[in-house]
Amino acid sequence: MASLLSLVLLLALLDASRATNFEVGGDAEWVVPQAGDSQTYNHWASKNHFHVGDIVHFKYNQDSVMVVTEQGYNKCESSHPIFFSNSGNTEVRLDRPGPFYFISGVTGHCQGGQKLVIKVTDKARPPPGPPSGAAPAGFGSAGAIVVLMAVLWPLLVMHDI
């Protein structure tokens, strides 16, 4: 009985803690944007919603990714990064709410538009739309589990399961 309740609670927690993995720029790699398109990455970011725990993934060749301060971002200053990677395959977990500032560490790339601001929220992710025949709106899968347990609980207790 206790193990069943533990399993139900674990499933509810797992549902609520899902993180999303984002490929920075969509299918494009982390590169200097075409001339005159200095907001490429910020346009991409504005079409997404980032939450604490999400991961941003950078794919690139012969380049680097830096997390910098707002001042470092505005000035394309790479001498004191908060984080640096040049592995070609970098993942950064968004571990707090607020803005994250990313730039390329290669000379001239940031000035050419290879920079990105991601705004992270700590608000709960809205549940996905229910499929046909699913629980009423606002329940989500965790809510459906709770409703199911409320219905089954008396039966489980009565039969000492």
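Helices (H or I, at least four residues) and strands (E, at least two) are taken as DSSP runs, numbered from the N terminus. The model is predicted, so local features need pLDDT of at least 70 and side-chain atom pairs count only at pLDDT 80 or more, while totals for chains, interfaces and linings use all residues. Residues are numbered from 1 along each chain as its sequence is written, and side-chain values use heavy atoms, with hydrogens and water left out.

The protein chain has four helices and eight strands, arranged along the sequence as α-β-α-β-β-β-α-β-β-β-β-α. Of its 161 residues, 31% are buried (under 20% relative accessible area, with exposed being over 50% and partly exposed in between; 1.4 Å probe, protein chains only).

Turning to the interior, the largest nonpolar core (buried Ala, Val, Leu, Ile, Met, Phe, Trp, Tyr and Cys residues joined through side-chain atoms within 4.5 Å) holds 19 residues, of which Phe50, Val56, Phe58, Phe102, Leu116 and Ile118 touch the most other members. At least two residues of this core come from each of helix 2 (40-46), strand 3 (55-59), strand 4 (65-68), strand 7 (98-103) and strand 8 (115-121). Another core, of eight residues, lies apart from it and includes Val68, Tyr101, Ile103 and Val117.

Two residues other than glycine deserve a look for their backbone. Gln62, in the loop between strand 3 and strand 4, has a positive phi of about 50 degrees; with 80% relative accessibility, Gln62 counts as exposed. Cys76, in the loop between helix 3 (70-75) and strand 5 (83-85), also has a positive phi, near 50 degrees, but at 16% relative accessibility Cys76 counts as buried.
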